[in-house]
There are 2 protein chains.
Amino acid sequence: MAMDWQARLKEYLAPRTQLVNAALEDYLSEFPPLPRVLPEAMRYAALGAGKRLRPILCIAAAEALGGAAEQVIPTACAIECIHAFSLVHDDLPAMDNDRLRRGQPTVWVKYGEAMAILAGDALFAKAFELLAEQARLSPPERVAQALHLIATASGIHGMCGGQVEDILCEGQTISAEQLQFIHAHKTGALIRASVLSGAILAGADAAQQAALDVYSRALGLAFQIADDILDETAPTEQMGKPAGSDRAHRKATYPALFGLEGARARAQQAKQEAIDALQPFDTRADPLRWLAVYAVERTH
Amino acid sequence: MAMDWQARLKEYLAPRTQLVNAALEDYLSEFPPLPRVLPEAMRYAALGAGKRLRPILCIAAAEALGGAAEQVIPTACAIECIHAFSLVHDDLPAMDNDRLRRGQPTVWVKYGEAMAILAGDALFAKAFELLAEQARLSPPERVAQALHLIATASGIHGMCGGQVEDILCEGQTISAEQLQFIHAHKTGALIRASVLSGAILAGADAAQQAALDVYSRALGLAFQIADDILDETAPTEQMGKPAGSDRAHRKATYPALFGLEGARARAQQAKQEAIDALQPFDTRADPLRWLAVYAVERTH
């Protein structure tokens, strides 16, 4: 059974990851001769290694509703551009000051700070260009709904808001509530927007959206706790950044707050909540179920 | 006659500037208790002094087509948020390293670099949240068109692209073509998007969009040349930043390339081209005409 979901997830992911990578490559190659350097920096930031988790979630949610991957590709890639943008800005010297990401020099190390700020900005802009393109494939009212979700998840009510509190809390003792706020905003909001935008574009009704809202919040939590655990326990070569780097930054983490075993138990609980939320959906939602298991199991 | 357009423009601007400021104030006050500081930094960046030129252009274009200001307010404010975001990032130490803007400390001086980067990002995100809100007031197909225009104007094909070339050209001798590229992208693209998005939301047909395309490109050029001239000639207290600061940064400018008189002649030519492009429009386009005159006359 354990082998079963892993094999089926792998089989599910391969063609879809390829589809996303090909589309991203395509979207990030239509550049004019000027400006210089920026296209290269944007491609470096967005096309490198990466799980493509968010676009896959967008696609899997659309498919759970009976939609097709091809119909949500612009939105799926838009979300990946936003994810890449956030990593580029988070790595800047004024922010987390990280020199290494996925085993490679970060964008500011390779291209300089000014270019990194602008490559992030330009990827963010590209995301919304792609959302406008989505309106050629889907009813524009649904695109407007997806746009609202994704924009909200990226700004003060989401990613930016979480990053601000993360920075303000660095080196301080924080409560479980503060940790929960940081993660729900910094990473949870965009994961939720990935799932819900895919579902909305595929025509999800209010009840289906509500179920996927619960699923995506629990899934985001499971991924975040697991990431925190991996940061503590995995060797550097597996992470692509120094092990224990969160601790070195004095970042708040789940293991720091609850201990490794406490964190593992909370991840399991979040996984189960995610799977339970999918009860109303048929087997087309299986990839969403496998992803919830995967989120947690990769820490063992 | 000279007094006439000035008085009428003033009368036109007052209620619309007030409308934009009230809406911006409103849009930038719906913040939750967390995160800390970010709301204040966003408000500081977007609500300070400023001509609100871009939102006014969006409104004036909609009105030239028979639309109402209230119908395009979310988009008008979205564009102002994008303008504010670009100023915040341009002022950063890694970019132009400016400490003063409109006579006040820049955002990074007041709130630190990390908060300035994130306040810019969050204003950019807010802009697209507002564009999603526009879909409640306008046909979603039109909103998708405006979204595409505005996103394109903000990224590598517009603002970000122009800023990259501006930075790469600093301290170098550049050609008229390079200068033209920088300005058409760095400031021209968003001015064009302001005019065209207002027109599109108000239902402009292809011929009207083409005429306003010519108008907005010429207007953007007129404003930029005039800004360059003012940077050379106006006293510090009028500019809110040190006089000759472009020259101090060894920035490419029109007076540097063509001399003051040559630059003035080019500004006049651009003004005339803008006004000529409005020939198909009736008196409802008068504010757009006055703005073209204003762009240039303020340098005398």
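This report covers the contact between chains A and B, their symmetry and the nonpolar core.

The model is predicted: local features need pLDDT of at least 70, side-chain atom pairs count only at pLDDT 80 or more, and totals for chains, interfaces and linings use all residues. Residues are numbered from 1 along each chain as its sequence is written, and chains are lettered from A and ligands numbered from 1 in the order in which they are written.

**Interface.** On chain B, 45 residues are in contact with 45 residues of chain A (contact: C-beta atoms, placed from the backbone, within 7 Å). Four helices of chain B each supply at least two residues of the side that touches chain A. Helices are DSSP runs (H or I, at least four residues), numbered from the N terminus.

| Helix of chain B | Residues |
|---|---|
| α2 | 38–47 |
| α6 | 113–134 |
| α7 | 140–154 |
| α8 | 159–169 |

The largest share, 13 residues, comes from α6(B).

**Symmetry.** A turn of 180° and a shift of 0.0 Å along the axis lay chain B on chain A with an RMSD of 0.0 Å. Superposition is by least squares on the C-alpha atoms of residues with pLDDT of at least 70 in both copies. The two copies are thus related as by a two-fold rotation axis. In chain B, the C-alpha of Pro140(B) is nearest the axis, 2.6 Å from it. The same surface serves both copies: 100% of the contact residues of chain B recur in chain A.

**Contacts of Ala222(A).** Not counting residues up to four places away in sequence, Ala222(A) touches Ala267(A), Ala270(A), Lys271(A), Ala274(A), Ala292(A), Ala295(A) and Val296(A).

Definitions and conventions:
Contact = placed C-beta atoms within 7 Å.
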